[in-house]
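Biologist: Could you put the model up and walk me through the fold?

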Amino acid sequence: MRDHQLGDCILGVLVAVGVLLSPMFAAGQDTVSLKSIKKIYVDKMDNDLDQYIRAEIQKKFSGQILVVLKPELADAIMAGVSEHQSGTKAAVTGRWLGLHDTATGSVSLLDKSGDTVLWSSEAGDRSVLFGAMKRGGPRKVADRLVNNLKKAIEE
């Protein structure tokens, strides 16, 4: 019991020291806040998810954030992966019944150098209510990812 209390005490001291020292280490780095980003480069992704994300950024941010076509012009770089299931089984259980995602995507927003992750999110296209009548696939995934980014910037 006494060893357990000593371990908790040491852990508490280490956490406190880490909290106190972290601003000193961060001060030496140029960290970018999400609110300061005005230009984003969207890297190529599977299933044309990058094209849908570009369109959604233009639509949802209406000029607040621009999509640039060269990474050197950007304040941040968006990179990610996408997966899309097709076929009869995926259509019936995923699209029509809304039981699972037929398309998924995971993206990260990196600083200009690509060394620091500023934000990341993942999304799928599942829609339980009215699944067959709503759009799905990479378009829906892009819509959800950009909505998540917009919420993170507005926080």
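Modeller: Here we go from the overall fold to the sheet, the core and a few single residues. Please keep in mind that this is a predicted model.

Biologist: How many helices and strands are there in the chain?

Modeller: The protein chain has 4 helices and 5 strands, and when it is read along the sequence they come in the pattern α-β-α-β-β-α-β-β-α.

Biologist: And how much of it counts as buried?

Modeller: Of its 155 residues, 32% count as buried, while the accessible surface comes to about 9,900 Å², with 57% of that belonging to carbon and sulfur atoms. As for contacts between residues at least 6 apart in sequence, 66% of them join residues at least 24 apart.

Biologist: OK, the sheet. What's the strand order?

Modeller: The 5 strands make an open sheet in the order β2-β1-β3-β4-β5, and the pairing is mixed. Neighbouring strands in this sheet are turned against each other by 25° on average, direction ignored.

Biologist: Why do β2 and β5 each have one side without a neighbour in the sheet?

Modeller: Because β2 (66-68) and β5 stand at the edges, where each has a single partner strand.

Biologist: Which way do β3 and β4 run, and how many bridges join them?

Modeller: They run antiparallel and are joined by 9 bridges; β4 and β5 also pair in the antiparallel sense, over 7 bridges. Thr104 takes part on both sides, since it is the bridge partner of Glu83 and has Gly124 in β5 as a bridge partner as well. Further along, Val107 has Ser121 in β5 as its bridge partner.

Biologist: What's in the turn between β4 and β5?

Modeller: These two strands form a hairpin with 5 residues between them, and Gly114 in the turn has a positive phi of about 80°.

Biologist: Where do the helices sit on the sheet?

Modeller: Helix α2 lies across β1, β2, β3 and β4, running at about 160° to β1. Helix α4 lies across β1, β3, β4 and β5, and runs at about 140° to β5.

Biologist: Switching to the core: which residues have the most contacts inside it?

Modeller: The largest nonpolar core has 25 residues, and those with the most contacts inside it are Ile40, Ile53, Ile57, Met78 and Leu109. The elements that give it two or more residues are β1 (39-42), α2 (49-61), β3 (76-84), β4 (103-111), β5 (117-124) and α4 (138-154), with α4 giving the most, at 7 residues.

Biologist: What does Leu109 touch, sequence neighbours aside?

Modeller: Leaving aside residues within four places in sequence, Leu109 is in contact with a list that includes Ile40, Met78, Val117, Trp119 and Leu149.

Biologist: Back to α4. Is Asp143 buried or exposed?

Modeller: Asp143, which is found in helix α4, is buried, because its relative accessible area is 10% and the cut-off for buried is under 20%. Its side chain is joined to that of Lys60 by a polar contact of 2.7 Å.

Biologist: And Ile153, what is it in contact with?

Modeller: Ile153, also placed in helix α4, is in contact with Leu34, Lys35, Phe61 and Ile65, once its neighbours within four places in sequence are left aside. Ile153 is buried too, with a relative accessible area of 14%.

Biologist: How far apart are Ile153 and Ser33 in space?

Modeller: They are 8.6 Å apart from C-alpha to C-alpha, although 120 residues separate them in sequence.

How values were computed
Residues numbered from 1 in each chain as written. Predicted model: local features only at pLDDT ≥ 70, side-chain atom pairs only at ≥ 80, totals over all residues. Heavy atoms only, no water. Core = buried A, V, L, I, M, F, W, Y, C linked by side-chain atoms within 4.5 Å. Buried < 20%, exposed > 50% of the residue type's maximum accessible area, 1.4 Å probe, protein only. Contact = heavy atoms within 4.5 Å. Areas by Shrake-Rupley, 256 points an atom, 1.4 Å probe, with all protein chains shown as cover. Pairing = 2+ DSSP bridges. Axes fitted to C-alpha atoms, helices over the stretch in contact; angles between N-to-C directions. Polar contact = N/O pair within 3.5 Å; in protein donor to acceptor, adjacent residues only side chain to side chain.
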